[in-house]
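I opened this entry to record what I looked up about one sheet, the helix beside it and a couple of unusual backbone angles.

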Amino acid sequence: MNKLYIGNVSAEASEEDFETIFEQWKIPHSGPFLVKTGYAFVDCPDEKAAMKAIDVLSGKVELHGKVLEVEHSVPKRQRSCKLQIRNIPPHMQWEVLDGMLAQYGAVESCEQVNTDTETAVVNVRYAAKDQARLAMEKLNGSMMENYALKVSYIPDETAAPEGPSPGGRRGFNARGPPRSGSPGLGARPKVQSDIPLRVLVPTQFVGAIIGKEGATIRNITKQTHSKIDIHRKENAGAAEKPITIHSTPEGCSNACRTIMEIMQKEAVDTKFTEEIPLKILAHNNFVGRLIGKEGRNLKKIEQDTGTKITISPLQDLTLYNPERTITIKGAIEACARAEEEVMKKIRESYESDMAAMNLQSNLIPGLNLNALGLFPSGTPGMGPSMSSVPPPGAHAGCSSFGCSPYGGEGPFWASMLSASSQPLAVSHPSQKSETVHLFIPALAVGAIIGKQGQHIKQLSHFAGASIKIAPAEGMDAKQRMVIIVGPPEAQFKAQCRIFGKLKEENFFGPKEEVKLEAHIKVPSFAAGRVIGKGGKTVNELQNLTCAEVVVPRDQTPDENDQVIVKISGHFFACQLAQRKIQEILAQVRRQQQPKPTSGAQPPLPRRK
């Protein structure tokens, strides 16, 4: 996607004019400018150069009295369901962006692109091409917080090219299978690796870490068998710069220890007297489990390593900054041990979420987790390892469900880890509508509804579910019931966002994980199947999901001959329990269906 289209070009413009502009703004290009009447084309060597040209020139640079418009060049046959939206206000919340995008159709994924610009860039995939086209028409050039949005298509590389087939002469197939690694095979599958270690270092020490002509950083890379990226261009003028270390857990820890030692030596040489703590960047989705219930995990790490650990507040998070800063103070060796323990917890959280998500996708036919924003593949510096698909057969035990990404943390980060190789529509034709009663703190009702009901409307549209809040049962009611009606995937999306909203709005403390109660109704004759003989089934449910599942005794069935099953737990725990109970009910319904009489033959049509 490195070919650019330059529009609104004056008839007087020449190739030399464009050469001068690109040279003036230090934008590399890999081919000559193809200048036509009113427009031009040029190739850039890579995506970074193309993005720079768009950000620097489009709508900002004038040539012969006309302001140039620069965007990715996408042939009509390659215009897909994917769009790139640029110039997004840096402090915009995902919730607002989601609501805006959902106006034009079903959003399957929305992932952030790492750029050097102050504003944010996202790649969005809609469920259908006409939805993407409508979003393109409505959003391109529209104003948002004094920023004019720039929207362009992302080419569909799988679209059939025009002209003869690449297999050889017409009517003949290519000889033999394509060689491994040839273009015909597409990109090689990405191999899943450990989460990289991200640290913040004071800007004044970056030069010492790099060393003369890069000698020091090359030495660290060689000794620790790691790949180290120093993001010098991020946050221009900032007092700290992020460093991303890709390696095994041991390699990351060794590289981190070496970097701390280099900074300590440089501080002595430059008479820098302030303490230099170790600062680790971790995606917000994992921080709740690092802290643990009532802060127990963090306290244990502090006690075991002799360090003092603090975590930046949720309020610091924005669309452009989905990471929390974990600050560790202590001696270098103590900080190094604390880093090992902190990253061990974060990696465990990531792996359990992957396994849980894989299990969820198997339990809900047609579930597409792309649009839910569960995993940080779009985080700057995270690299490809964060967007790997869970390995086949991945499973989750009880420890996998200590907390959902939204159970322990706040805003809905978009990044998108696909649960299947083929994105699926929001709902599946075979999915039956379900009703779930989710209980939230009474004080949180306003946050869920939003100003003039905007939030609950956007949430309902996004999830594809009916969402209503029942009246309070009394003046002093501490909880309110949210009634969610929709198929399984809609339930998943709606409940996922509600969990996240409650954490984001601080209805649960920074050291407290979101745990809600959900009620589902089951036919009274099926309640025994949920409980099982001697409570065996319900106990197995609780062991598998880590949710508390209760079928209250001595219930009086309602007018529809249904009784309540209460499910209490974190997001994934709650979801898994709901799905398992629905599986049991589906089995009961199948067994209730009358079986065809054995030996009966279908009537044959009469001959005319």
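I began with Asp 561, which I found in the loop between β23 and β24; I was working in a predicted model throughout. The phi of Asp 561 is near 60°, a positive value in a residue other than glycine, and I noted it since most residues other than glycine have a negative phi. For its surroundings I took the relative accessible area of Asp 561, which is 38%, so I entered it as partly exposed, given that exposed would need over 50% and buried under 20%.

I then turned to the sheet that holds both flanking strands, where six strands form an open arrangement in the order β20-β21-β19-β22-β24-β23, with antiparallel pairing. The edges are β20 (466–469) and β23 (548–550), and because each has a single partner strand, one side of each is left without a neighbour in the sheet. I read an average twist of 20° from one strand to the next.

Within the sheet I followed β22 (residues 516–523) against β24 (residues 562–569), an antiparallel pair joined by eight bridges, in which His 519 has Lys 566 of β24 as its bridge partner. Helix α17 (residues 571–592) packs on this sheet and touches β19 (434–441), β22, β23 and β24, while its direction makes about 5° with that of β22.

Last, I checked another positive phi, that of His 225, which is near 55° in a residue that is again not glycine. I located His 225 in the loop between α6 (215–224) and β14 (227–230), and with 69% relative accessibility His 225 counts as exposed.

Note on methods: Residues are numbered from 1 along each chain as its sequence is written. This is a predicted model: local features need pLDDT of at least 70, side-chain atom pairs count only at pLDDT 80 or more; totals for chains, interfaces and linings use all residues. Side-chain values use heavy atoms; hydrogens and water are left out. Two strands pair if DSSP finds at least two bridges between them. Helices (H or I, at least four residues) and strands (E, at least two) are DSSP runs, numbered from the N terminus. Axes are lines fitted to C-alpha atoms, for helices over the stretch in contact, and angles run from 0 to 180 degrees between N-to-C directions. Contact means heavy atoms within 4.5 Å. Buried means under 20% relative accessible area, exposed over 50%, partly exposed in between (1.4 Å probe, protein chains only).
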